[in-house]
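Reader: Hi! I'm in my first year and still learning to read these pictures. Could you take one part of this structure and walk me through it closely?

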Amino acid sequence: MDKLIITLLVVIGMLVLFLGIALEEIKALQQDKRDWKNRYYAAAQIRAKDRI
C-alpha cells in the first residue's frame with residue numbers, strides 16, 4: 001500500500017512539473033509570435049514610406 005501511495009505522488013509530481021514546463025514554453029512561443037508580427041509590421045511600414 002505504501003508503494004502505491006509513493007508511486008502516485010511521484011507520478012503526480014512529474015505531471016505538475018511537465019505542465020509547468022509546457023506552460024512556460026507556450027508563453028515563450030506566444031512572445032515569439034508577437035515579436036515576429038511587430039517585426040513584420042515595422043518592415044511593412046518602412047516599405048510603405050519608401051514608395052511615397
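Author: Let's start with what is covered up: buried residues make up 0% of the 52 residues in the protein chain. To count as buried, a residue needs under 20% relative accessible area. Keep in mind that this is a predicted model.

Now for the overall build. The protein chain has one helix and zero strands. Its radius of gyration is 23 Å, while the globule rule gives 10 Å for 52 residues, so the chain is more spread out than a compact globule. You can see that in the C-alpha trace too, which spans about 75 × 5 × 5 Å along its principal axes. The accessible surface adds up to about 5,300 Å², and 68% of that belongs to carbon and sulfur atoms.

The part I'd like to zoom in on is the salt bridge, and the structure holds one. Which side chains meet there? They are those of Lys27 and Glu24, at 4.0 Å from N to O. Side chains of opposite charge can pair when their charged atoms come close. Why are these two about one helical turn apart? Because Lys27 and Glu24 are three residues apart in helix H1, which covers residues 2–51. Lys27 is exposed as well: its relative accessible area is 51%, and the cut-off for exposed is over 50%.

Next, have a look at Ile26, which also lies in helix H1. Buried or exposed, or something in between? Ile26 is partly exposed, with a relative accessible area of 45%. Its C-alpha atom is 31 Å from that of Ile5, and the two residues are 21 apart along the chain.

Ile5 takes us to another feature, a nonpolar patch on the surface. Ile5 shares that patch with Met1, Leu4, Leu8, Leu9, Ile12 and Val16, and together they have about 760 Å² of accessible area. Met1 sits in the segment before H1. At 75% relative accessibility, Met1 is exposed.

Finally, back to charges, this time across the whole chain. There are 9 positive and 6 negative charges, and their mean positions are 10 Å apart.

Methods: Residues are numbered from 1 along each chain as its sequence is written. This is a predicted model: local features need pLDDT of at least 70, side-chain atom pairs count only at pLDDT 80 or more; totals for chains, interfaces and linings use all residues. Side-chain values use heavy atoms; hydrogens and water are left out. Helices (H or I, at least four residues) and strands (E, at least two) are DSSP runs, numbered from the N terminus. Buried means under 20% relative accessible area, exposed over 50%, partly exposed in between (1.4 Å probe, protein chains only). Patches are made of residues with over 30% relative accessible area and no salt bridge: like charges are joined within 9 Å, nonpolar side chains (Val, Leu, Ile, Met, Phe, Trp, Tyr) within 5 Å. Accessible areas come from the Shrake-Rupley method with a 1.4 Å probe; for residues, only the protein chains shown count as cover. The radius of gyration is taken over C-alpha atoms; the globule rule is 2.2 Å times the number of residues to the power 0.38. Lys and Arg count as positive and Asp and Glu as negative; His and the chain ends are not counted. The place of a charge is taken as NZ of Lys, CZ of Arg, CG of Asp or CD of Glu.
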